[in-house]
Amino acid sequence: MTNPAIYRRNYWATLALGILMVTALVILSVSFFVAIRNSQLSAREDFLEKQTELVSRQLEMEIDRFEIDAKVLRDFVDDEDMDPDDFRQELTETVRRVFNAYPNLIDSTWIDFQDSLISFRMNERNNFIRREITTTSPAQTKHQMRVDGASGIDILFYLNLPSFTQNFVTDYYLDPNGAKYLILEEELVSLSDGLSPRPISLEEDDFARIVEDVFTGIKGFYKLTWYDSETSGEALAAQYPFDFGEIQRDAALVFLQKTDDLDSGIYSTYFLVFGVIVLILAGTILIFTFSLYNNEKSRKELEVKSEEISDLFQQQSLLLQELRGFVFFHDSKGKITRVTQEMEKIIGRNLEQFDRAFQKDSRSEDVKRLREYISRAVEKKLPYVDFEYDYVRRDGKKIRLRIFEKLLYDENGTFLGGNGICTDITKQYESRKELIRSENRLRAVIDNIPDVITIYDNQAKILSLNVKDQSKFLPDSERMIGKSLGEVLSKKQRDKIVNAFELARKTGRIQTEEWRLKTHNTKKFFEIRFFPLDNSQMMSLSREITAQKVWEKGLIEAMNAAEKANQAKSEFLANMSHEIRTPLNGLLGIIDLLEQTGLDETQMNYLQIIKSSGNSLLGIIKDILDYSKIEAGKIDLKEEIFNPGAEVDSLLGIFMGLTQKKNIRLSTEMDEEVNAWYEGDKDKWNQILLNLIGNAIKFTPENGKVLIRLYTEVLTDSAYFLHCEVQDSGIGIPEDQIPYLTDPFYQVESASNRSYQGTGLGLAIAKKIIQIMGGELEIKSKLGEGSTFSFSVLLNKADDQLRFHELQEVAEAFKESESGKDYPLRILLAEDNELNLDLMELMLGQMRYGFDVARNGLEVLEALEHKEYDLILMDVQMPLLNGLETTKRIRSGRFQQDIMIIGLSANVFDEDFTKAIEIGMDDYLTKPIRLRSLAKKLQQAYQKIKLGQAR
C-alpha cells in the first residue's frame with residue numbers, strides 16, 4: 001500500500017509537473033506563435049520596403065527618360081533643314097511615339113510656332129489626333145512641362161501624373177490585402193484597391209509624419225491605423241520619396257499591408273490552449289503544425305516575390321547591357337552609394353576599385369573632372385547634367401562615355417546628391433567622326449564645282465575664294481581675300497548685295513541677287529546666292545548667267561511687243577464696243593418702251609423680230625468681248641451661292657417658245673443633291689449651259705429630243721463635283737471635225753451653204769470657261785444620230801437655310817414698282833448723246849421719276865453747287881470733263897458727299913467697272929440699258945439712302 005504522504009508528494013509533484021508542463025507548453029506555444037508572427041511581419045516589412053524602392057526608382061527613371069525624349073522632340077522641331085512635307089509627317093509620327101512610349105502620362109501636347117499652334121492628343125478610342133489651332137493655348141493645368149526651342153518654337157506637355165503612376169505600378173505585385181498609394185502635393189491618391197473598396201483615410205498624426213519624411217527626402221516604414229466610412233484596421237506602410245523630374249518634386253509611393261489577419265491567429269491559439277486543456281498536447285502539436293505550415297507558406301510567397309524582384313532587376317540589367325550603361329548613386333560629398341554591376345564591364349574596374357576612386361582623398365583625374373562638372377552645375381542650381389568625355393580603361397582601350405545625371409536638392413536648395421546613368425557611346429561617337437570625314441569628302445567635291453565659291457565671316461570679310469576657271473572671273477581674284485564684301489563691289493550694287501548677305505545671315509535662308517561684273521571690255525552677269533555655313537561663317541555660290549540674261553532680254557522685248565499688240569487690240573475692241581452699244585442702247589431701250597404701249601398682233605410680231613435681231617447682235621458682241629477677255633487672261637471667277645437645279649429650270653423657260661415651235665421634247669434628269677445650295681460662279685455656269693442647250697435645240701430638227709442630265713459626286717463633306725450632260729437627237733457632227741469644234745470661229749458648214757447662223761465662238765468660250773473652273777469639255781457625236789456635250793466643275797456646298805434668307809432678302813430688295821412714287825429720288829442725269837438722252841427721258845418718265853439734265857461733267861458740278869440730289873446717273877464718256885474725272889472731283893470733299901453715283905457706259909470690261917468703283921462710283925450699268933435693270937438700280941439706291949439716313 002502506498003504511503004499517503006508519498007502519494008500526496010507524488011501527486012503534487014505530478015500536478016506541479018503537469019502544471020509546469022502545461023505552463024511550459026503554453027509559454028512555448030505563445031512564444032512560438034509570436035516568433036512566427038514577428039517573422040512574417042519582418043518578411044512583409046522587408047518586401048514592402050524593397051518593392052516601394054524598386055517602383056519609385058523605376059518610375060523616376062521613366063520620368064527622366066521622358067524629359068530626354070521631350071528634348072529630342074524639341075531638337076527635331078528646331079531642325080531648319082527639314083522639308084516641310086516631311087516635317088509635317090515626321091513631326092506627327094515623332095509625337096505619336098512619345099505618346100505611346102508613356103501611356104496615360106500625356107493628356108495633350110501643344111507646339112507653338114509663334115504664328116500658329118498645333119495640338120496633339122489621344123482620344124478615348126485611342127485615336128491620335130492632330131489639330132492646327134489659331135486661338136491661344138489652353139488654360140494652365142496642374143502638371144505641365146514646357147520645353148523652349150532655340151528657334152523660338154516652344155513645346156508644352158499637359159500631364160496626368162496620377163494616371164501615369166497608377167498605370168505604371170499595376171505590374172508590380174502586392175498581397176491581395178495590400179494597397180498602393182501616391183502622395184502628391186500633400187494628398188493621398190489611391191492607385192489600387194486592397195484595404196477597402198471605399199476611399200480610406202489615415203490618422204492625422206500618421207499622415208503628417210509620412211508627409212514630413214517625404215519633404216525631408218527620407219524613406220520610412222510605419223505601423224498605422226486606417227479607416228473608411230464603415231470600418232478601420234491596422235496596417236504596415238512603406239514609403240519611398242522621389243521626384244517627377246522637373247515637373248513635380250516631393251512625391252512618394254506608399255505601399256500598405258493589413259496586419260489584422262496576423263493578429264487573429266493568436267486569439268484562436270489561446271482559445272485552443274485554455275479551452276481544450278485536455279487536448280493540450282494535441283493542440284500544441286496542431287498549433288506547431290499550423291505555425292509551420294503558415295511559416296512555410298510565407299516563406300514560399302517571399303521566395304516568389306523575391307524571384308519577381310530578381311526578374312525586374314534582371315530586366316533592368318538587360319536594358320543597361322543593351323545600352324552599354326550602368327546606373328550609379330552618390331551623396332552630396334561625391335561618394336558612390338550604389339552602382340549596378342554593369343559598371344565592371346564598361347569601366348574595366350571592379351566595385352572595390354570604383355568605390356576607392358570616389359573617396360575623399362582620391363587622386364583620379366577622371367573623378368576630379370566629374371566633380372568639377374557637378375560642382376559647377378550645383379552652383380548654378382541646374383536640375384541635371386549631361387556631358388561626354390574620353391576615358392582610358394586599365395587595359396589601355398579608349399572609350400567615349402556619356403553621363404546623364406539627375407541632381408537632387410531639398411526644399412531649401414541644399415544639394416543632397418545625385419543619380420544617373422553612364423553609357424558607352426564609343427560607336428555613336430565614331431559614327432559622328434565618320435560623318436565629319438564624309439563632310440570633308442563633300443568639301444573636296446565642292447572644290448570641283450564650276451561655280452565661284454566664297455567663304456565669309458559674319459562681318460562679310462572674305463576668308464577664302466574657290467574659282468575653278470579664272471578666265472570666267474576676275475584674273476586677280478586672289479586679291480579679294482581679306483577684303484570685305486562691300487570693298488569689292490561697285491557703288492551701284494553694294495547696298496542690295498550686302499543687304500542680301502545680312503538677310504541670309506539673320507534668317508538662315510538662302511538669299512539670291514544678281515551681280516554685274518566688268519572685266520576689261522566685257523560685261524558679265526552672275527547669280528550670287530548667300531546662305532549660312534555655320535554659326536560663324538557664310539558661303540556664297542556665284543554662277544555666270546550672261547547667256548541667260550541675253551535670252552531673257554530677247555524674251556522681254558518679245559513679250560513687250562506682244563503686250564502692246566494685245567493692248568491695241570483691247571483698245572480697239574473697247575472702242576468698237578462703245579460705238580456699237582451706243583446705238584444699240586437706243587434701239588433696245590425704245591423696244592422695251594414700245595412693248596409697254598398698245599400694239600396689235602402684227603406690230604408686236606414686227607417688234608419681236610427687231611428685238612430678237614438686236615439681242616442677237618448684242619450676243620455676238622458679247623461673245624467677241626468674252627473671248628477677247630479669256631484670251632487676255634482677264635476673266636475672273638466670282639463666288640456666289642446658287643441652286644443648280646433651279647438655275648436649269650430657269651434656263652429651260654428661256655427656250656420654251658423655241659422648243660414648242662419645233663415640237664422638241666426638252667427634259668431633265670437630276671439627282672437630289674443637284675437641288676442643294678452651292679458656292680461657285682453662277683453666271684459662268686449658266687453661260688456654259690445656255691450655250692450648250694441653245695446649240696442642242698438649234699441643231700435638233702422638229703419632233704426631236706434634248707435631255708439635260710445633272711448629277712453630283714462627293715469628294716469631301718463640303719466639296720462636290722457637279723457633272724452636266726446635254727444630249728440631243730440632232731444632226732450630229734462628223735467624227736473628223738469634232739477636234740476642231742471648239743476652235744474660235746470654226747463652222748462645221750462652209751460660209752456659202754451653211755444652214756445655221758452663229759459666230760463660231762460659243763463652244764470656244766464655253767471650253768475656256770470650263771477649263772478656268774477646273775473641268776474639261778467632252779464631246780461625243782455620231783452623224784445623223786445626235787451629240788452629247790458633258791463637263792464637270794468643282795463646287796463647295798453652302799448652308800441651305802442661310803441661302804434661303806439671302807434669296808428672300810434679295811427678292812424683296814429687287815421687287816419692282818410701276819411708279820417712282822414708291823421709291824422717290826432726286827435724280828441728276830448726265831448724258832451727252834441725244835439718242836441716249838431721249839431714251840433715258842422716256843424710261844424715267846414711264847417710271848414717273850422727275851430729273852435734271854447735265855450734258856457734260858462741268859454742268860454736273862455746276863448743278864451740284866445750286867441744288868442737292870440723291871442720285872447721279874453719270875455717263876462715263878462725256879465732252880469737256882468725263883464721268884470718271886467728274887466723280888473724282890465730287891469725292892474730293894468740295895461737293896455733297898452722301899450723293900450716290902451710278903455710272904453709265906458701253907465699256908463692259910471688268911477693269912472699267914473696277915476703275916469706276918475705285919474712283920468713287922457706287923454702282924455701274926452697261927449699255928444698252930434695259931428698263932428692268934434701271935428700275936432695280938433705282939430701287940437699290942433708294943434703299944441704301946434710307947438705310948444710311950436710319951444710321
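A residue counts as partly exposed when its relative accessible area lies between the limits for buried, under 20%, and exposed, over 50%. The views below are taken from a predicted model.

**View A. An aromatic pair joins strands β14 and β15.** Tyr384 is partly exposed, because its relative accessible area of 26% falls between those limits. Its partner Phe404 has a relative accessible area of 10% and is therefore buried. The two rings form a tilted aromatic pair, with a centre-to-centre distance of 5.3 Å and an angle of 35° between the planes. Tyr384 belongs to β14 (residues 384–392) and Phe404 to β15 (residues 398–409), so the pair ties together parts that are 20 residues apart in sequence.

**View B. Four phenylalanines make up one aromatic cluster.** The members of this cluster are Phe326, Phe328, Phe354 and Phe358. In the model the count of aromatic pairs comes to 20.

**View C. Arginine side chains sit over aromatic rings.** Arg57 lies over the face of Phe329, at 4.1 Å from the ring centre. At Tyr429, the charged end of Arg400 is placed over the ring, 4.3 Å from its centre.

**View D. Helix α3 has a buried face and a capped N-terminal end.** Helix α3 spans residues 161–169, and its buried residues are Leu161, Phe164, Thr165, Phe168 and Val169. Viewed down the axis of α3, these residues fall within an arc of 120°, so they line one face of the helix. In an α-helix there are 3.6 residues a turn, so residues three or four places apart point the same way. Asn160 caps the N-terminal end of α3, where a side-chain oxygen of Asn160 lies 3.1 Å from the backbone nitrogen of Ser163.

Note on methods. Residues numbered from 1 in each chain as written. Predicted model: local features only at pLDDT ≥ 70, side-chain atom pairs only at ≥ 80, totals over all residues. Heavy atoms only, no water. Buried < 20%, exposed > 50% of the residue type's maximum accessible area, 1.4 Å probe, protein only. Helix = DSSP H or I, 4+ residues; strand = E, 2+ residues; numbered from the N terminus. Arc of directions from axis to C-beta. Polar contact = N/O pair within 3.5 Å; in protein donor to acceptor, adjacent residues only side chain to side chain. Phe/Tyr/Trp six-rings, centres within 6.5 Å; stacked < 30°, edge-to-face > 60°. Lys NZ or Arg CZ within 6 Å of the ring centre and 35° of its normal.
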